[in-house]
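Colleague: Could we go through the pockets and the sheet of this model together? I would like to begin with the empty space.

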Amino acid sequence: MAEIRVEPGKAIERILTLELVRVTERAAVASAYWRGRGDKNAADQAAVDAMRRELNRLEIDGTIVIGEGERDEAPMLFIGENVGAGNGPKVDIAVDPLEGTELCADDLAGAICVMAMAESGTLLHAPDAYMHKIAIGPGYAEGTVDLDASPEDNIHSLAKAKGVPVSEIGVLMLDRPRHKDIITRARATGARVRLITDGDVAGVIYTTRPEETGIDLYLGIGAAPEGVLAASALRCVGGQMQTRLILDTEEKIARAAKMGVSDPNRLYKVDELASGDVIVAATGVTTGPLVSGVVLGKDYVETETVVYRSATGTVRRIRAEHREMEKFGPR
């Protein structure tokens with residue numbers, strides 16, 4: 001039989017794609033034990049502990065660039081923390097160990113464990129601030145939507161590009177008082193508006209599969225770190241996203257400058273938020289439009305994960321049945 005030869009770099013990348021799945025799977029199962037118990041902090045801590053433990057088993061030299069906060073705010077998975085065994089490729093890591101902590105605590109739809117891995121120096125080191133965001137899925141010409149255009153213009157432009165009436169455009173926003181005006185304006189166009197209480201990483205990703213999620217356009221203000229994670233997934237499938245940081249105090253401007261943000265008014269596009277070779281994995285904790293939640297069986301656990309890879313444009317859905325229960329901790 002002929003020997004199969006694989007380029008070392010490609011072999012490492014292929015292995016890391018599957019290893020990322022194991023990291024988010026473990027975090028999702030750990031937090032799933034806290035579903036419906038009303039303790040979002042305990043659910044989040046369980047996910048953080050599991051994710052950090054699994055990350056440190058990977059053959060990588062990783063640095064957390066999007067995490068739980070700065071060193072003085074987070075004991076684990078803080079920005080700048082080194083993770084991994086230290087003897088593999090140098091990579092940037094962006095994590096949201098449990099997006100939708102309250103969704104998990106109340107056992108509501110859409111909680112996920114998500115992370116991105118990219119070549120070192122290719123993920124934006126976003127400060128802990130808010131940003132304006134607009135995002136659409138793949139298949140549209142560049143400039144179909146514009147962060148500086150009105151909600152009405154963006155909705156009409158997208159409907160024209162999609163070849164459908166405005167009434168068939170689904171718009172997603174976080175249900176926040178700050179969005180009251182654009183919610184009213186978007187609905188006035190005739191578009192369908194869906195509001196979510198949490199989870200704008202998943203919310204942006206919904207635009208990549210509008211036929212399943214009913215969402216074509218993401219609008220509004222959300223956290224900057226989550227914007228980088230969402231952009232990482234969009235870049236893998238060809239979606240578009242534009243963002244602008246909201247740095248409205250001298251203190252925020254100074255903190256952002258320490259992280260390399262020299263222009264506080266800069267408009268960032270997808271490939272400026274996440275460049276290089278990016279891999280994203282998201283595992284469901286509670287069932288939502290993106291992935292199914294964890295199933296806690298009597299002697300097994302089931303998980304569903306969606307994995308994105310920018311280098312190949314591949315999207316994989318991995319349903320796994322786990323029977324080595326000791327790896328997940330006590331029931």
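**Pockets, cavity and sheet**

Modeller: This is a predicted model. Strand β3 gives the most to the lining of the largest pocket, with five residues.

Colleague: What volume does the largest pocket have?

Modeller: The largest pocket has a volume of about 830 Å³. It is lined by 31 residues, and the closest to its centre are Asp96, Leu98, Thr101, Ala223 and Glu226.

Colleague: Which elements give two or more residues to that lining?

Modeller: They are α2 (40–55), β3 (90–99), α3 (101–105), β8 (217–223) and α8 (224–237).

Colleague: And how do the residues of the lining divide into nonpolar, polar and charged?

Modeller: In the largest pocket, eleven are nonpolar, seven are polar and 13 are charged.

Colleague: What about the second largest pocket: how much space lies in it?

Modeller: The second largest pocket holds about 270 Å³ of space. Of its 18 lining residues, His132, Leu147, Ile182, Leu219 and Gly220 are the closest to the centre. Two or more lining residues come from each of β5 (130–136), α4 (151–162), α5 (180–188) and β8. The lining of this second pocket consists of seven nonpolar, five polar and six charged residues.

Colleague: Turning to closed space, how many cavities of 30 Å³ or more does the structure hold?

Modeller: It holds one. About 40 Å³ of space lies in the largest cavity, and its lining includes Ile205, Tyr206, Pro289, Leu290 and Arg317. Five residues of that lining are nonpolar, two are polar and three are charged.

Colleague: Now the sheet. In what order do the six strands lie?

Modeller: The order is β7-β6-β8-β5-β9-β10, in an open sheet with mixed pairing.

Colleague: Why is one side of β7 and of β10 left without a neighbour in the sheet?

Modeller: β7 (192–196) and β10 (267–269) stand at the edges and each has a single partner strand, so one side of each lacks a neighbour in the sheet. On average, neighbouring strands of this sheet are turned by 20 degrees against each other, direction ignored.

Colleague: In which sense do β5 and β9 pair?

Modeller: β5 and β9 (residues 240–246) pair in the antiparallel sense, over seven bridges. His132 stands opposite Arg244 in β9. His132 is also one of the residues closest to the centre of the second largest pocket.

Colleague: Which strands does α8 lie across?

Modeller: Helix α8 lies across β5, β8 and β9, and it runs at about 20 degrees to β5. Both α8 and β8 also give two or more residues to the lining of the largest pocket.

Methods: Residues numbered from 1 in each chain as written. Predicted model: local features only at pLDDT ≥ 70, side-chain atom pairs only at ≥ 80, totals over all residues. Heavy atoms only, no water. 1 Å grid on protein atoms, 1.4 Å probe; cavity = no way out; pocket = protein on both sides within 12 Å on 5 of 7 lines; lining within 4 Å. Points joined across faces, edges and corners; volume = space filled by probe spheres on them. Helix = DSSP H or I, 4+ residues; strand = E, 2+ residues; numbered from the N terminus. Nonpolar A, V, L, I, M, F, W, Y, C, P; charged D, E, K, R; others polar. Pairing = 2+ DSSP bridges. Axes fitted to C-alpha atoms, helices over the stretch in contact; angles between N-to-C directions. Contact = heavy atoms within 4.5 Å.
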